[in-house]
Amino acid sequence: MCIRDSPAPTGSPPTRLLVPSINLDTPVLPVGPVTVKRGGKEMYVWDTLRDVASFHKTSAYPGTDGNIVINGHRDIYGSVFLHLNKIRRGDRITLYAGDLPYLYQVVEIVKLPYVHATPKQMADHLRLLGETREERLTLLTCTPVGTATHRLYVIAEPFPGELEGPIRR
């Protein structure tokens with residue numbers, strides 16, 4: 001089945017993320033921003049759920065133009081993205097909206113300082129999480145395990161090929 005020949009579900013957020021190269025198969029649930037206090041200051045951050053991947057509900061839906069943003073923990077609360085650092089360019093990712101699969105291929109991996117980020121580095125974070133004109137999937141987590149001083153971004157683009165073999169459930 002060719003993924004791009006299938007119609008995109010109207011208004012359907014992602015529901016499942018499958019990354020065979022790192023043995024990841026997880027549900028995806030929507031989240032919004034939350035207010036946290038750090039260093040006596042309030043700031044907005046995207047919520048991250050326990051034991052599942054978290055879809056930024058204001059980002060794009062699979063099969064549509066825009067940036068689909070999904071985050072997850074690496075070393076706490078189920079560690080859903082524990083092995084995200086092992087993903088490589090060319091790896092395939094399947095993202096589901098209901099039962100409809102969308103196939104992506106990793107094209108870029110970016111690690112940026114977060115705790116002591118410069119203004120330019122913070123702008124790079126916003127660029128990676130921001131809107132895009134073309135369809136793109138962005139997976140995001142903290143790194144390294146234990147200190148979380150940086151953010152790891154995995155950028156994937158639609159893969160126009162076909163799924164290889166049956167999708168396991």
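These legends describe close-up views of a predicted model.

**View 1. The largest pocket and its lining.**
About 880 Å³ of space lies in this pocket. Its lining is made up of 37 residues. Val-45, Trp-46, Tyr-114, Leu-140 and Arg-151 are the ones nearest the centre. Two or more lining residues come from each of β3 (33–38), β4 (41–46), β6 (67–71), α1, β9 and β10 (150–158). Sorted by class, the lining holds 19 nonpolar, 12 polar and 6 charged residues.

**View 2. Leu-140 in strand β9.**
Strand β9 spans residues 136–143 and includes Leu-140. Leu-140 has a relative accessibility of 11%, so it counts as buried; the cut-off for buried is under 20%. Leu-140 is also among the residues nearest the centre of the largest pocket. Beyond its neighbours within four places in sequence, Leu-140 is in contact with Ile-70, Asn-71, Gly-72, Phe-81, Leu-129, Arg-151, Leu-152 and Tyr-153. One of these partners, Gly-72, is 68 residues away along the chain, yet the two C-alpha atoms are separated by 6.7 Å.

**View 3. His-125 in helix α1.**
Helix α1 covers residues 119–129, and His-125 lies within it. At 3% relative accessibility, His-125 counts as buried. Its side chain reaches the backbone oxygen of Pro-113 at 2.8 Å. Pro-113 also appears in the contact list of His-125, together with Leu-112, Tyr-114, Arg-151 and Tyr-153; neighbours within four places in sequence are left aside. Two of these partners, Tyr-114 and Arg-151, are among the residues nearest the centre of the largest pocket. Helix α1 itself gives two or more residues to the lining of that pocket.

**View 4. The largest nonpolar core.**
This core has 26 residues. Those with the most contacts inside it are Leu-17, Ile-70, Phe-81, Ile-93, Leu-137 and Leu-139. At least two core residues come from each of β1 (16–19), β2 (24–31), β5 (53–56), β6, β7 (92–97), β8 (100–113), β9 and β10. Strand β8 supplies the largest share, 4 residues. In soluble globular proteins, nonpolar side chains tend to be buried together.

**View 5. Leu-137 and a separate core.**
Leu-137 is one of the residues with the most contacts inside the largest core. Leaving aside neighbours within four places in sequence, it is in contact with Asn-67, Ile-68, Ile-70, Ile-93, Leu-95, Tyr-104, Val-154, Ile-155 and Ala-156. Apart from the largest core lies another, of 6 residues. Its members include Leu-128, Leu-140, Tyr-153 and Ile-155. Ile-155 is thus listed both as a contact of Leu-137 and as a member of this other core.

**View 6. The loop between β9 and β10.**
Pro-144 lies in this loop. The peptide bond from Thr-143 to Pro-144 is cis, with omega near -10°. Ala-148 is found in the loop between β9 and β10 as well. Ala-148 is not a glycine, but its phi is positive, at about 55°. With a relative accessible area of 25%, Ala-148 is partly exposed.

**View 7. Tyr-77 in the loop between β6 and β7.**
The loop between β6 and β7 holds Tyr-77. Phi of Tyr-77 is near 50°, a positive value in a residue other than glycine. Tyr-77 is partly exposed, at a relative accessible area of 38%.

Terms used:
Residues numbered from 1 in each chain as written. Predicted model: local features only at pLDDT ≥ 70, side-chain atom pairs only at ≥ 80, totals over all residues. Heavy atoms only, no water. Buried < 20%, exposed > 50% of the residue type's maximum accessible area, 1.4 Å probe, protein only. Contact = heavy atoms within 4.5 Å. Polar contact = N/O pair within 3.5 Å; in protein donor to acceptor, adjacent residues only side chain to side chain. 1 Å grid on protein atoms, 1.4 Å probe; cavity = no way out; pocket = protein on both sides within 12 Å on 5 of 7 lines; lining within 4 Å. Points joined across faces, edges and corners; volume = space filled by probe spheres on them. Nonpolar A, V, L, I, M, F, W, Y, C, P; charged D, E, K, R; others polar. Core = buried A, V, L, I, M, F, W, Y, C linked by side-chain atoms within 4.5 Å.
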